[in-house]
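Here's a friendly walk through a protein structure for anyone meeting it for the first time. Take a look at the sequence and the picture, then read on.

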Amino acid sequence: MSKILLVTGGSGGIGAATARLAANRGYDVAIGYAGNAAGAEAVAADVRAAGQRAITVRADVAAASQVRAMFAEVDQQFGRLDAFFNNAGVLFAGTRFMDIGEEQLDRIIAVNLKGAYIAAQEAARRLARSRGGNGGTIVNMSSMLAKLGGGLENNDYGATKAAIEAMTIGMAKELAGDGVRVNAVRPGLIDTEIHARAGDPGRVGRLMGSVPLGRAGRPEDVAEAVLWLLSDKSAYTTGTIVDVAGGRGI
Ligand code: NAP
C-alpha cells in the first residue's frame, strides 16, 4: 500500500518538485496550494502519470480554518496520513530592518510561522501513536536566512524561518516517543519563482557570490533531501536541520 504524503505549497517550486519525486518513490500525494490551481493540477497529473493517486487542496495556510479543512480533506480522500512536507512560504522584497512595515510583518508571520505551526500541529495529531496514529515523518521548511539573519535584507523572513527551526527541534523531542520523526531542510538560493514573486527577479544572481558551489540550487536538489528525511532511510535522524545550500552559510 502506498504511503500518503501531504505537501503544502505543492503548486510550484520546491513543493512541486518534491511531490513529483515522491510519486516516483511510490507515495500518493495531496498537493496543497494557495492560488495557482493550474500549477497544482499539473503536478497532480504528473503524480498520476507515475501511477500514484493525487488530490489538490486549496488552502491559504495563514487561515487556521483553511489548514484544518485541508487536513480534513486528506482524511476524507485518503483515509490516512504518513508523511507531511510543511513547505508553503512567502518572501518579500528585501527591505532594511528599520523599514519593514507592520502589514508585511503580520503577513510573513501569518504564513511562514503561524501557518506552518498550525499545519505541523494538525499533522502531529494524525501521526502520533498516543492519538491513534501509526507514527510518521514531518519535514519543515527553513532557509539559510534563519542562520544568516537576513543580512541587510529579508530579516523578517529569516526570523520566521529561525522560529521554524526551534519548532522543529521541540517537535522532534516531544514526538519521538509517539513514533514521529521531525526534521527540516535549510535551502540556500534555489531557482524558483519566489524571488520574482517578491519583486526581486535578480535576487539569485545578485547573491550568487555567496555560494561556494557556484550555482543556484534546483528545486530537485531540495526534494532529494526532503524525500530522504521523509523515508525510512533516515530512520535514526530526528531534530536535524539539513543544509541544501551549495555551501552558502558555512
Ligand atoms: P514558490 O515557487 O514561490 O512556491 C511557493 C509555494 O507556496 C507555492 O506553491 C504557493 O502556492 C505556496 N504558498 C505561498 N503562500 C501560501 C499561503 N499563504 N498558503 C498556502 N500556500 C502558499 O517558492 P519556493 O522557492 O518553492 O518556496 C517553497 C518554500 O521554500 C518556502 O517556504 C520558502 O520560504 C522556502 N525556501 C525557498 C528558498 C529559495 O531560494 N527558493 C530558499 C530557502 C527556503 P500558490 O503558488 O498556489 O499561491
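What follows covers the pockets, the ligand, a pair of rings and a handful of single residues.

## The largest pocket

Before anything else, keep in mind that this is a predicted model. Now for the empty spaces. Rolling a probe the size of a water molecule over the atoms shows where empty space is left. The largest pocket comes out at a volume of about 950 Å³. Its lining is made up of 43 residues, and the ones nearest the centre are Ala 88, Gly 89, Val 90, Ile 194 and Arg 197.

Which helices and strands each supply at least two residues of that lining? Near the start of the list are helix 1 (13-24) and strand 2 (27-33). Then come helix 4 (102-127), helix 5 (144-148), helix 6 (155-175) and helix 7 (194-197). As for the character of the lining, you'll find 19 nonpolar residues, 17 polar ones and seven charged ones.

## The second largest pocket

Next up is the second largest pocket, with a volume of about 330 Å³. Here 14 residues form the lining. Gln 121, Ala 124, Met 171, Glu 174 and Leu 175 sit nearest the centre of this pocket.

Two helices are worth picking out: helix 4 and helix 6 each give at least two residues to the lining of the second largest pocket. Both helices also do so for the largest pocket. The lining of the second largest pocket splits into seven nonpolar, three polar and four charged residues.

## Around the ligand

There's a ligand here too, and 33 residues surround it. The closest are Ser 11, Asn 36, Asn 87, Tyr 157 and Thr 192.

Let's zoom in on some atoms. Asn 36 has a polar backbone atom 2.8 Å from an oxygen atom of the ligand. Ile 190 also brings in its backbone, with a polar atom 2.9 Å from a ligand oxygen. With Arg 107 it's the side chain that takes part: one of its N or O atoms is 3.4 Å from a nitrogen atom of the ligand.

## A pair of rings

How many aromatic pairs does the count come to? Just one aromatic pair turns up. The ring centres of Phe 71 and Phe 84 are 5.3 Å apart and their planes meet at 65 degrees, so this pair is edge-to-face. The cut-off behind that label is an angle over 60 degrees.

Phe 71 belongs to helix 3 (residues 64-78) and Phe 84 to strand 4 (residues 83-86), so the pair ties together parts that are 13 residues apart in sequence. Are these two residues buried or exposed? Both Phe 71 and Phe 84 are buried.

## Some buried residues

Ile 138 has its place in strand 5 (residues 136-141). With a relative accessible area of 0%, Ile 138 is buried. Follow the chain and Thr 238 is 100 residues away from Ile 138, yet their C-alpha atoms are 9.6 Å apart in space.

Over in helix 4 you'll meet Asn 112, which is buried at a relative accessible area of 1%. Asn 112 and Leu 21 are 91 residues apart in sequence, and 24 Å separate their C-alpha atoms. Another asparagine, Asn 154, is in the loop between helix 5 and helix 6. Asn 154 has a phi near 65 degrees, a positive value in a residue that isn't glycine. With 2% relative accessibility, Asn 154 counts as buried.

## Two exposed residues

Finally, turn to the outside. Gly 205 is part of helix 8 (residues 203-207), and its relative accessibility of 57% makes it exposed, so it is over the 50% cut-off. Eleven residues along the chain separate Gly 205 from Ala 216, and their C-alpha atoms are 8.2 Å apart.

Asp 232 lies in the loop that runs between helix 9 (219-230) and strand 7 (241-244). At 58% relative accessibility, Asp 232 counts as exposed. Asp 232 and Gly 136 are 96 residues apart along the chain, with 9.4 Å between their C-alpha atoms.

How values were computed. Residues numbered from 1 in each chain as written. Predicted model: local features only at pLDDT ≥ 70, side-chain atom pairs only at ≥ 80, totals over all residues. Heavy atoms only, no water. 1 Å grid on protein atoms, 1.4 Å probe; cavity = no way out; pocket = protein on both sides within 12 Å on 5 of 7 lines; lining within 4 Å. Points joined across faces, edges and corners; volume = space filled by probe spheres on them. Helix = DSSP H or I, 4+ residues; strand = E, 2+ residues; numbered from the N terminus. Nonpolar A, V, L, I, M, F, W, Y, C, P; charged D, E, K, R; others polar. Phe/Tyr/Trp six-rings, centres within 6.5 Å; stacked < 30°, edge-to-face > 60°. Buried < 20%, exposed > 50% of the residue type's maximum accessible area, 1.4 Å probe, protein only. Near = heavy atom within 4 Å. Polar contact = N/O pair within 3.5 Å; in protein donor to acceptor, adjacent residues only side chain to side chain.
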